[in-house]
Amino acid sequence: MSDKLDKTAAAEEKPKKKWLKRILLILLILLLVITLGIGFYIWRIGNIWDTQTQKFDDKSMSDIQGDLDRLKKAAEEGKIEKPVPAGERVKATDASGNEVEIPAPGVHDVKDSEGTDILLLGSDQRFGSETDSSGARADTIMVMHVPKDGHGVYLVSIMRDSWVNIPGFGAAKINAALNWGGIALQIQTVEQVLGVKMDHVAEIDFNGFKDLTNAVGGVDVNVTRPFTSSTGVWTYTQGMNHMDGAQALAFVRERYVFGDGDYQRVRNQRSYLQGLVNTMKAKGALSNIVEFQKVVESLSPYLTVDSGLNAGEIVNIARPVIQKGVTDMHMMTLPNAGPGWSYNGQSIIVVDDTAVSELSEALRTDSMQSYSPTSGYS
């Protein structure tokens, strides 16, 4: 009797095992399809980035002396204005509105930081062939610092009129470096201002800026200071404004209608970037791989990067941030002592070397999380 019961139980168990195997097989196939699908998209995104972004050639990244020789020749021939000699005193205005004189900017020793530092340039592509350089004028200059432990991302805006030391020449506005001497001179100039070696560089022209904005369906930007553009085309009201590519570009470039000019423009640029990140998060562009691919596809053709900033390197840089789960973006301006005038009457932004030294130390030691400026405008 017991043998019959055992045989019956065994017969009933066989279909159960078959169904269990089938379910496990189906789940395995689904998992495989999902994994292969994600893998394909990751490969596709990496391929788009690596094949569609333009690359700075190795010579332009390293030919500092060639850039300097061309710049000196152009200055001697009167094609460009000669920079101010190092040590020249410049006029400035202190916080109380009093006119003072300060030395031309100093130079900081350049050291590697523990995190990753990327120079970001927004170029208006105004070609200056008379200097035999890249000729693109840096309209927006930022340094992105990603801590080694992935605790957030830090963006330091450098105003284009910041009065700094152009290596080999002396004091001049920081955006002159790219126009005069090419990407190598721009990198070295920023490195000596901050005292931090740049690991990578990326330049976007403003057509890419517009397309990126349009690719995410426009960006919601919090406008803290309402204004009408100097062209009279665009009006921005206080509060949240939904901007398409053309409207956003005019917003981040405007400075002529503001009494404090470049200061408000940098604030607007930061507001836009925060709005872009918030919009991308809300639309799933940072969590949905298909949506993220659309962003990469729209942006890549307008980007020029160093050869080392490939898809694999971006994954390595982003991995600790993603794993940490802290994707907060902290934005600030390079500390400065306010507006001033050069010896020949140029309107400039006077860099606060003391405050910059504090920032430099925080970047080098990867301690930006506890950094708090104690002096200078920001």
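## The sheet

Two strands are taken to pair if DSSP finds at least two bridges between them. By that rule, 7 strands in this predicted model make an open sheet, running in the order 1-14-9-4-5-6-15 with mixed pairing. Strand 1 (54–55) and strand 15 (329–333) sit at the edges with a single partner strand each, so one side of each has no neighbour in the sheet.

Take one pairing from inside that order. Strand 9 (residues 200–205) runs antiparallel to strand 14 (residues 303–305), and the two are joined over 3 bridges. Here Ile 204 faces Leu 303 of strand 14 across the pair.

## The chain overall

Zooming out, the chain has 10 helices and 17 strands. Of its 378 residues, 47% are buried. If you take contacts between residues at least 6 apart in sequence, 68% of them join residues at least 24 apart.

As for the surface, the chain exposes about 18900 Å², and carbon and sulfur atoms account for 55% of that.

## A hairpin

Strand 7 (162–166) and strand 8 (residues 170–173) pair in the antiparallel sense, with 4 bridges between them. Trp 163 is placed opposite Lys 173 of strand 8. The two strands make a hairpin with 3 residues in between, and Gly 168 in the turn has a positive phi of about 90°.

## Two nonpolar cores

In soluble globular proteins, nonpolar side chains tend to be buried together. The largest nonpolar core here has 36 residues, and Leu 119, Leu 334 and Leu 359 have the most contacts inside it. At least two residues each come from strand 4 (116–123), strand 5 (138–146), strand 6 (153–158), strand 7, helix 4 (176–194) and helix 10 (353–364). Helix 4 is the top contributor, giving 10 residues.

Leu 359 is a handy place to start looking around. Setting aside neighbours within four places in sequence, Leu 359 touches Val 156, Leu 194, Met 332, Leu 334, Pro 335, Met 368 and Tyr 371. There is also a second, separate core of 34 residues, with Val 146, Ala 248, Phe 258 and Leu 303 among its members. You've met Leu 303 already, as the residue opposite Ile 204.

## Salt bridges

The structure holds 8 salt bridges. In one of them the side chains of Arg 265 and Asp 139 come together at 3.6 Å, N to O. Arg 265 belongs to helix 7 (residues 262–282) and Asp 139 to strand 5, which puts them 126 residues apart in the chain. Is Arg 265 buried or exposed? At 3% relative accessibility, Arg 265 counts as buried, and Asp 139 is buried too, at 4%. Because the cut-off for buried is under 20% relative accessible area, 3% puts Arg 265 in that class. Sharing of partners between salt bridges joins Asp 139, Arg 160, Arg 253, Asp 262 and Arg 265 into one network.

Another bridge connects Asp 161 and Arg 255, at 3.1 Å from N to O. Asp 161 is in the loop between strand 6 and strand 7, while Arg 255 is in the loop between helix 6 (245–253) and helix 7, so the bridge ties together parts 94 residues apart in sequence. Asp 161 is buried at 10%, and Arg 255 is buried at 16%. Asp 260 and Arg 225 form a further bridge, their closest N and O atoms 3.0 Å apart. This one joins the loop between helix 6 and helix 7, home of Asp 260, to the loop between strand 10 (219–223) and strand 11 (227–228), home of Arg 225. Here Asp 260 is partly exposed at 26%, and Arg 225 is partly exposed at 30%.

## Aromatic pairs

There are 4 aromatic pairs in the structure. Phe 227 and Phe 258 have ring centres 4.8 Å apart and planes at 75°, so this pair is edge-to-face. Phe 227 is in strand 11 and Phe 258 in the loop between helix 6 and helix 7, 31 residues apart. Phe 227 is buried at 8%, and so is Phe 258, at 7%.

Tyr 236 and Phe 251 make a tilted pair, with 5.2 Å between centres and 55° between planes. Tyr 236 comes from strand 12 (residues 235–236) and Phe 251 from helix 6; both residues are buried. Ring pairs link Phe 227, Tyr 236, Phe 251 and Phe 258 into a cluster, and Phe 258 is also part of the second core.

Note on methods:
Residues are numbered from 1 along each chain as its sequence is written. This is a predicted model: local features need pLDDT of at least 70, side-chain atom pairs count only at pLDDT 80 or more; totals for chains, interfaces and linings use all residues. Side-chain values use heavy atoms; hydrogens and water are left out. A nonpolar core is a set of buried Ala, Val, Leu, Ile, Met, Phe, Trp, Tyr and Cys residues joined through side-chain atoms within 4.5 Å. Buried means under 20% relative accessible area, exposed over 50%, partly exposed in between (1.4 Å probe, protein chains only). Contact means heavy atoms within 4.5 Å. Accessible areas come from the Shrake-Rupley method with a 1.4 Å probe; for residues, only the protein chains shown count as cover. A salt bridge is a side-chain nitrogen of Lys or Arg within 4 Å of a carboxyl oxygen of Asp or Glu. Rings of Phe, Tyr and Trp (its six-membered ring) pair if their centres lie within 6.5 Å; planes under 30 degrees apart count as stacked, over 60 as edge-to-face and the rest as tilted.
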